[in-house]
Amino acid sequence: NEDLKGLISALLVPFNEDGTVNEKGLRQIIRHNIEKMKIDGLYVGGSSGENFMLEKETKKQIFDIAKDEAKDEVILIAQVGGTNLYEAIELGQYATELGYDAISAVTPFYYKFSFEEVKNYYFDLVEKVDNRLIVYSIPALTGVEIGVSQFKELFENEKIIGVKFTAADFFLLERLRKACPDHLIFSGFDEMLLPAVINNVDGAIGSTYNVNGLRSRKIFELAQAGKIQEALAVQNETNDLIEAILDNGLYPTIKQLLKLQGCNEGAFLSRKPMASATQEQINRSKEIYDAYLK
Ligand code: SI3
């Protein structure tokens with residue numbers, strides 16, 4: 001699974017006023033990620049893609065566009081999960097036929113599923129989809145915590161090859177890395193990339209790599225080379241940016257920053273009920289761009 005390692009942008013999706021996908025803008029963001037941010041891959045259909053507000057056909061449309069635009073230039077991972085197993089299977093089969101390198105699925109949320117139910121969801125999914133799967137663990141949003149022994153149980157299925165680990169629990173990350181040296185671990189919090197790389201993650205998947213990919217790669221490479229203080233200096237700069245983004249509204253601000261970086265075709269709105277950037281947020285985004293990205 002070496003081919004999946006690297007720095008992967010969780011793809012942002014621009015929407016039109018009526019909630020449809022702004023296809024031209026999306027294609028620009030994909031090209032921008034590949035050509036300017038020099039990322040190794042795209043994670044399509046994640047939180048950053050506002051995926052959990054979309055209907056199945058729109059999710060498929062986004063998988064189509066990303067594959068058509070990126071072709072085989074970078075790693076493509078399709079996030080197909082949610083609370084509907086049958087939809088996840090259909091989307092997983094769809095993305096696999098399109099040629100996606102792997103699928104990923106969030107732990108089912110909302111209902112308080114037992115670990116047995118979560119495990120069955122993943123095993124049912126990979127039984128029906130001829131592809132590798134990366135578990136998407138994000139306990140702060142799903143409420144689903146998975147411990148080391150449970151990850152090991154999931155990894156007993158050879159098609160479940162790793163996890164996108166979006167948590168600030170570095171004790172768990174260290175234990176998991178030691179217990180599962182042959183499985184892929186992707187860091188999920190961009191502001192904690194350095195400590196994750198020190199813990200030997202195989203890659204990182206995140207929203208801010210869409211606009212801050214070059215700096216983030218420096219963190220990765222410096223840390224892997226053991227230059228921790230230099231890496232920390234770049235993480236400090238990065239976190240000034242990420243803190244400003246989070247204070248101003250995560251996805252609306254990243255969309256405005258993408259516009260300022262040249263992806264400016266059509267509307268860059270959010271999918272309702274998520275609010276789009278207000279004029280104040282747009283103005284602040286320009287200040288953030290000037291301060292940290294120019
Ligand atoms: O699309 C995705 O699934 C992600 O981008 C997940 C990723 O872990 C991001 N988490 C969320 C909730 O957006 C992070 O990249 C996050 O945006 C960043 O670290 C800022 O907190």
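Reader: Why are α4 and α6 called roughly parallel to each other?

Author: This is a predicted model, to begin with. In it, the axes of α4 (residues 115-128) and α6 (residues 148-155) cross at roughly 30°. Angles under 35 degrees count as roughly parallel, and therefore α4 and α6 get that label. Their axes also come within 10 Å, and the crossing is right-handed.

Reader: What makes the contact between α4 and α6?

Author: On the α4 side you have F115, K119, Y122 and F123, and they meet Q150, E153 and L154 of α6. Sorted by class, that contact has four nonpolar, one polar and two charged residues. Tyr and Phe both count as nonpolar, so Y122 goes in with the nonpolar group.

Reader: How do you know that α10 is roughly antiparallel to α12?

Author: Same kind of reasoning, other end of the scale. The axes of α10 (residues 228-248) and α12 (residues 279-292) cross at roughly 180°. Anything over 145 degrees counts as roughly antiparallel, so α10 earns that description relative to α12. The axes of α10 and α12 come within 10 Å.

Reader: Which residues in α10 and α12 meet?

Author: From α10 it's D240, L241, A244, I245 and N248, facing Q281, R284, S285, I288 and Y292 in α12. The class count for this contact is five nonpolar, three polar and two charged residues.

Reader: At what angle do α3 and α4 pack?

Author: About 35°, with the axes of α3 (residues 85-98) and α4 9 Å apart. The crossing of α3 and α4 is right-handed. L85, A88, I89 and Q93 of α3 touch Y121, D124, L125 and K128 of α4, and these divide into five nonpolar, one polar and two charged.

Reader: What makes S207 a polar contact of the ligand?

Author: A side-chain N or O atom of S207 is 2.7 Å from an oxygen atom of the ligand. The cut-off for such a pair is 3.5 Å, so S207 qualifies. Y136 passes too, with a polar side-chain atom 2.8 Å from a ligand oxygen. For T166, the value is 3.3 Å, again from a side-chain N or O atom to an oxygen of the ligand.

Reader: How many residues surround the ligand, and which are the closest?

Author: There are 19, and the closest are S48, G188, E191, S207 and Y251.

Reader: Which peptide bond is cis, and where does P273 sit?

Author: The bond from K272 to P273 is cis, with omega near 10°. P273 is in the loop between α11 (250-260) and α12.

Reader: What is notable about phi of K71?

Author: Phi of K71 is near 45°, which is a positive value in a residue other than glycine. K71 belongs to the loop between α2 (56-70) and β3 (75-79).

Terms used: Residues numbered from 1 in each chain as written. Predicted model: local features only at pLDDT ≥ 70, side-chain atom pairs only at ≥ 80, totals over all residues. Heavy atoms only, no water. Axes fitted to C-alpha atoms, helices over the stretch in contact; angles between N-to-C directions. Helix = DSSP H or I, 4+ residues; strand = E, 2+ residues; numbered from the N terminus. Parallel < 35°, antiparallel > 145°, perpendicular 65-115°, else oblique. Left-handed = near helix turned anticlockwise from the far one by under 90°. Contact = heavy atoms within 4.5 Å. Near = heavy atom within 4 Å. Polar contact = N/O pair within 3.5 Å; in protein donor to acceptor, adjacent residues only side chain to side chain.
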